[in-house]
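This report sets out selected features of a protein model for a reader who has not met it before. Please keep the sequence and the structure in view while reading.

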Amino acid sequence: MQSQILPSRSALVDRIAMQFEYGQNLITLLGPSGLGKSYLLETFITDKYSDFNKAFVQVSARMTDAQFMSELLEQSFRSPLIDHTLSLSDNFYQLAKSQNCGPCLWVLDGGRHISDEMAADLAVLAEKSPTTLYILIASQSVGQFRNAVEIHLEALSIAESKQLMGWYFKDLPLDEDPIFQTFLKESHGNPSILLAWQPEEHSAEVKVADKVSWRLHLITLMLIIMLLIIGFLYKSDMTKWWQDVYQQETVESVPTAIAIDDFKQQTVTEEPLETPPQQQIVQENTDELAVPRALKQANKQENQNNVAAILGSLATEPKALEDGDTVQKQLDDEPKQKATTESVTAEAEQSLPVDNAWFIEQSDNNVVIQLLAVTKQAIAEQFVTEQQLGDFAKVYQTRRNNKLWWVVTYGNYKSLNAAREVTPTLPKAVLNNQPFYKKISKIKQEIALLDQ
């Protein structure tokens, strides 16, 4: 018996044997090339009728009728004397009288190469054989053999197609792989096409040799990001220092102007007027109140170089000068400048690096969900940001058809079932792209294409 046979083919072998038991001595197995007729004939002659005298002939286009007759009779009888002037049926009758060959099973592959005269002779033998004779012929021509039971060989289903490929190929892609699904559909259940699958055309050999190019790129990218951050911070500090110096100069000039104006007012007020002593006391008190409180506080804080206190006192006085308004406007604009600088820094920190190194470190059997594949990195990064995928999203770079591609994946799961449980929780816009699952081993093979 054959080592491996599909369930549908095994059932067909039993069906052919049942037809022989019901009295049908000539059966034709029909089907196009590549469906596995020869394999089924070998299974039948090996597994069924072990007590029969068996003969198997592979008929070819170059085989003559005399050679075909000799092959059959030599496998059915011991050292037969064949008369080539007689037909197959006549030689079989004469040899059966001289030798008792017992029940016979003839299995003929390539029936389309059998001539019409030989086909008619086989039909006569199957009907009027002096001994039990079962004839099974594989052919592509309908109606070639008279009074023969014709059984059509059906194509394999998708499940049996994957089962057949699993016997011959150890590492098949996942069922959700679109390339693998397309190959299964276009093969139409033909075993010859299924066994022509070439995994090397759909994957790349992962080289174990140490490659430092990706490390160098990663270090360069990190240095550029650090320099950008330092530049933004340095710019912010310089702006703040310049504002502090400018404000200090403006504030120092304000108390001097106020003191000169107050001194003039006091000089005019204290001109020699003859006033009673009580009015003089009241006038002195009034003059004392006329001195701005901001000037007194500024004089106290001037020795301590406290610029913030001077600005606070000037802001509360109704006699604030135009220079003081300018200082206040600069103080109001300072938080806005800081917010702008921080937003630019945040945007620089949100740029997504290529995660090829992360994928190389993962286990080959882990599974991720592929969400998007584009030829521009900016589109991949925008997709991750808009969908709010967070740290679960990873982007790796590969090469296809001499073009660089950026592929967005989600998660890292130890089994396919774990990945399938997470898929319904993804955003609706992501699910509309019909994400599918991919092994880490396949991603490593695609990353290796960058070095080729």
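Helix α4 (residues 88–98) packs against helix α5 (residues 116–128) at an angle of about 35 degrees, and their axes are 8 Å apart. Axes here are lines fitted to C-alpha atoms, for helices over the stretch in contact, and angles run from 0 to 180 degrees between N-to-C directions. On the α4 side, L88, S89, F92 and Y93 make the contact, while α5 supplies M118, D121, L122, V124, L125 and K128; contact means heavy atoms within 4.5 Å. By class, this contact has seven nonpolar, one polar and two charged residues. Ala, Val, Leu, Ile, Met, Phe, Trp, Tyr, Cys and Pro count as nonpolar, Asp, Glu, Lys and Arg as charged, and the others, Gly among them, as polar.

The model is predicted: local features need pLDDT of at least 70, side-chain atom pairs count only at pLDDT 80 or more, and totals for chains, interfaces and linings use all residues. Residues are numbered from 1 along each chain as its sequence is written, and side-chain values use heavy atoms, with hydrogens and water left out. Helices (H or I, at least four residues) and strands (E, at least two) are DSSP runs, numbered from the N terminus.

The mean pLDDT (the predictor's confidence in each residue, from 0 to 100) of the chain is 76, and 72% of its residues reach 70 or more. Among the elements, strand β3 (residues 104–109) has the highest mean value, 93, and helix α10 (residues 277–290) the lowest, 40. The pLDDT is below 50 over residues 251–331, a stretch with 45 contacts in the model beyond near neighbours in sequence. Residues 336–352 are also below 50, with eleven such contacts. Where pLDDT is low, the predicted coordinates should not be read in detail.

Strand β4 (residues 133–139) contains Y134, which is buried at a relative accessible area of 11%. Buried means under 20% relative accessible area, exposed over 50%, and partly exposed in between (1.4 Å probe, protein chains only). Leaving aside neighbours within four places in sequence, Y134 touches F20, N25, Y49, F52, C104, L105 and W106. Y134 and I27 are 107 residues apart in sequence, yet 8.3 Å apart in space, C-alpha to C-alpha.

In helix α15 (residues 377–386), A380, F383 and V384 are buried. Seen down the axis, the buried residues of α15 fall within an arc of 95 degrees, so they line one face of the helix; the arc is that of the directions from the helix axis to the C-beta atoms. The face turned away from this buried side carries the exposed residues A378, T385 and E386. The buried residues of α15 pack against β6 (367–374), β7 (393–400), β8 (403–413) and α17 (428–431).

Helix α18 (residues 440–448) is largely enclosed by the rest of the structure, because nine of its nine residues are buried. Its buried residues pack against α14 (356–361), β6, β7, β8 and β9 (436–439).

Most residues other than glycine have a negative phi. The table lists two loop residues with a positive phi.

| Residue | Phi | Loop | Relative accessibility |
|---|---|---|---|
| Q388 | near 55 degrees | between α15 and β7 | 73%, exposed |
| N401 | about 55 degrees | between β7 and β8 | 74%, exposed |
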